[in-house]
Amino acid sequence: MALATSSLITTKPLVRSKRTSNHTATATVAELPHVESPFPNIALTLSNFLHLSTTATANQDDQHERDHSTSDPTSTMSTVSPARLKPLYSQKEDISSLFPAIHGKADWSSLLHPLHPGLRREIIKYGEFAQATYDAFDYNPFSEYCGSCLFSQLNLFSKLGLDRHGYNITKYIYAMSHIDLPQWLEKSLHGEAWSRDSNWMGFVAVSGDEESTRIGCRDITVAWRGTVAPAEWCEDLQNQLKQLGPEGDAKVEQGFHSLYTSKSDSTRYNKSSASEQVMTEIKRLVNYYRDKGERVSLTITGHSLGGALALLNAHEAATAIPDLPVSVISFGAPRVGNDAFRNELDRLGVKALRVVVKQDLVPKTPGIIFNEGLKRMESMTGSLDWVYMHVGFELSLDIKSSPYLKKGLDFSGFHSLETYLHLVDGFVGPDSEFRSNAKRDLALVNKSSGLLRDELSVPVCWYNNKRIADERQVSLRWGRPNREKEDMPVPLPC
């Protein structure tokens with residue numbers, strides 16, 4: 001599919017909204033906001049997302065966004081200008097006074113209903129870090145480097161347009177597992193593969209001086225990569241709880257635990273486990289910035305499987321550094337452990353915000369049957385230490401709330417992280433309309449799915465298709481792709 005010309009995108013107008021007797025613009029379920037030209041220049045629009053940095057643009061909507069809700073709840077269905085479909089970023093506001101609340105000291109109770117603009121931006125920021133673990137991942141089985149990161153630590157944020165967040169990556173994380181998990185491991189078919197048993201699983205980053213001042217702390221962030229095969233979770237992850245430590249009743253799903261803790265002397269990238277890699281870097285950064293007299297926090301994020309690893313990482317970090325504020329912001333994450341595991345996280349002071357789409361299947365696993373619902377029967381059955389429990393506070397989103405998304409079944413689209421970020425961007429409250437001054441470009445929803453309404457004329461899976469086209473131009477029949485020397489995988493030190 002050629003994405004270099006605007007001829008691919010039609011400019012047919014969408015159905016106009018009707019007017020009620022009080023002259024307030026509304027629309028039926030089947031209607032969308034009127035758009036004169038969704039993509040007047042598709043080449044410009046899409047190129048902004050293909051590893052190119054974009055500059056922040058502030059507009060008059062920023063003032064309205066400072067309110068917790070729009071003055072006119074029906075304005076969501078009003079006319080959308082072409083600029084709505086281009087990358088727009090709000091001016092960053094100083095939220096240092098909100099540091100305890102943003103990191104969940106009161107379980108976000110004062111910021112969720114309605115959703116505070118500052119918290120919304122932070123959720124999207126961490127979500128974009130999690131999305132970067134997909135966008136930068138080499139999944140081409142014909143590549144010598146399949147399973148690695150496409151970019152070096154120095155280049156990743158700039159190539160993906162995320163350097164505007166003001167963070168610097170300090171370490172990459174690699175993982176292996178002795179237990180099969182749903183499509184987490186990408187293996188190269190190339191004869192000279194960079195690794196046969198390890199995959200790149202994410203990174204550790206730290207906020208720069210300007211961002212640290214804005215948010216009120218030196219924020220260490222860990223982003224974990226997930227999987228995007230929701231149909232496989234139900235059958236592969238059931239009733240396989242494993243003792244977390246030598247003492248106590250806490251148990252976690254054994255596949256997650258294996259991925260987090262597995263290592264082997266025979267590998268190049270996992271002579272130390274993902275757990276050991278990430279904890280060594282967290283401790284180093286905490287000590288470094290505390291020695292400088294700074295307030296330090298740890299925020300761990302991930303989507304799907306990455307959200308499960310985030311909880312295991314949070315448990316270990318809070319245990320190893322008891323006075324460190326630890327929070328988790330996960331997207332579409334499955335259950336990880338039993339009630340005792342949840343209680344341990346509470347005791348350790350870990351704050352978790354689970355962003356969940358109601359139609360997504362993955363947050364309902366493992367334990368579709370053996371889950372929180374059985375707690376009501378404990379008076380008859382006794383303690384159920386083999387039952388899976390969710391952790392933390394839930395921010396529930398609904399596909400039906402967005403007028404831009406298709407109605408129908410698309411489980412992969414429901415689970416897509418870009419779908420989550422689109423819904424967060426438009427969320428005000430459970431009883432409010434999708435906000436009209438949302439900033440994220442609609443085209444991002446179809447980055448790796450086809451969930452956008454056909455009337456918007458955005459190509460399906462345009463990001464992946466562009467990547468495939470680029471690789472075919474490099475060499476015929478899926479030869480090894482070119483990489484800059486600085487972006488080649490480098491073996492970890494022993």
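Biologist: What share of the contacts with a separation of 6 or more comes from residues 24 or more positions apart?

Modeller: Bear in mind that this is a predicted model. The protein has 494 residues, with 15 helices and eleven strands. Among the contacts with a separation of 6 or more, the share from residues 24 or more positions apart is 74%.

Biologist: And what percentage of the residues is buried?

Modeller: Buried here is under 20% relative accessible area. Counted over the 494 residues of the protein, the buried share is 55%.

Biologist: Which stretch from residue 1 has a pLDDT below 50?

Modeller: Across the protein the average pLDDT is 78, and 70% of the residues score at least 70. The stretch in question still has 175 contacts in the model beyond near neighbours in sequence. Another one, residues 474–481, stays under 50 too, with 14 contacts beyond four places in sequence. The stretch you asked about is residues 1–86.

Biologist: Which helix gives the most to the largest nonpolar core?

Modeller: That core has 66 residues, and Ile123, Leu156, Phe157, Trp200 and Phe203 have the most contacts inside it. The top contributor gives eight residues, and it spans residues 117–135: helix H4.

Biologist: How many residues are in the second, separate core?

Modeller: This core includes Val252, Ala308, Ala310 and Val328. Its residue count is 45.

Biologist: Which strands each supply at least two residues of the lining of the second largest cavity?

Modeller: There are three cavities of 30 Å³ or more, and the second largest has a volume of about 40 Å³. Its lining is made up of Leu311, Val328, Ser330, Ala333, Pro334, Ala352, Arg354 and His390. One strand covers 326–331 and the other 351–357, so to speak by name: S9 and S10.Biologist: How many residues of that lining are nonpolar, and how many are polar or charged?

Modeller: Val328 is part of this lining and also belongs to the second, separate core. Sorted by residue class, the lining of the second largest cavity comes to five nonpolar, two polar and one charged.

Biologist: Is lysine 447 buried or exposed?

Modeller: Lysine 447 sits in the loop between helix H14 (417–426) and helix H15 (462–474). Leaving out residues up to four places away in sequence, lysine 447 touches Gln131, Asp135, Glu418, Cys461, Trp462, Tyr463 and Asn464. Its relative accessibility is 6%, and the cut-off is under 20%, so lysine 447 counts as buried.

Biologist: How does leucine 185 count, and what is its relative accessibility?

Modeller: Leucine 185 lies in the loop between strand S3 (167–175) and strand S4 (199–207). Apart from neighbours within four places in sequence, leucine 185 is in contact with Asp197, Ser198 and Asn199. Leucine 185 counts as partly exposed because its relative accessibility is 26%.

Biologist: How far apart in space are leucine 185 and aspartate 197, C-alpha to C-alpha?

Modeller: In sequence these two are twelve residues apart, and they are in contact. From C-alpha to C-alpha, the distance is 8.0 Å.

Biologist: Where is serine 273 found?

Modeller: Serine 273 counts as buried because its relative accessibility is 3%. Beyond residues up to four places away in sequence, serine 273 touches Tyr260, Thr261, Ser262 and Lys263. Its place is the loop between helix H8 (254–261) and helix H9 (274–291).

Biologist: What is the C-alpha to C-alpha distance between serine 273 and serine 258?

Modeller: The two serines are 15 residues apart in sequence. In space, C-alpha to C-alpha, they are separated by 9.6 Å.

Technical notes: Residues are numbered from 1 along each chain as its sequence is written. This is a predicted model: local features need pLDDT of at least 70, side-chain atom pairs count only at pLDDT 80 or more; totals for chains, interfaces and linings use all residues. Side-chain values use heavy atoms; hydrogens and water are left out. A nonpolar core is a set of buried Ala, Val, Leu, Ile, Met, Phe, Trp, Tyr and Cys residues joined through side-chain atoms within 4.5 Å. Buried means under 20% relative accessible area, exposed over 50%, partly exposed in between (1.4 Å probe, protein chains only). Helices (H or I, at least four residues) and strands (E, at least two) are DSSP runs, numbered from the N terminus. On a 1 Å grid over the protein atoms alone, a cavity is a set of points where a 1.4 Å probe fits but cannot get out, and a pocket is an open set with protein on both sides within 12 Å along at least five of seven lines; lining residues have an atom within 4 Å of a point. Grid points are joined across faces, edges and corners, and a volume is the space filled by probe spheres set on the points. Ala, Val, Leu, Ile, Met, Phe, Trp, Tyr, Cys and Pro count as nonpolar, Asp, Glu, Lys and Arg as charged, and the others, Gly among them, as polar. pLDDT is the predictor's confidence in each residue, from 0 to 100. Contact means heavy atoms within 4.5 Å.
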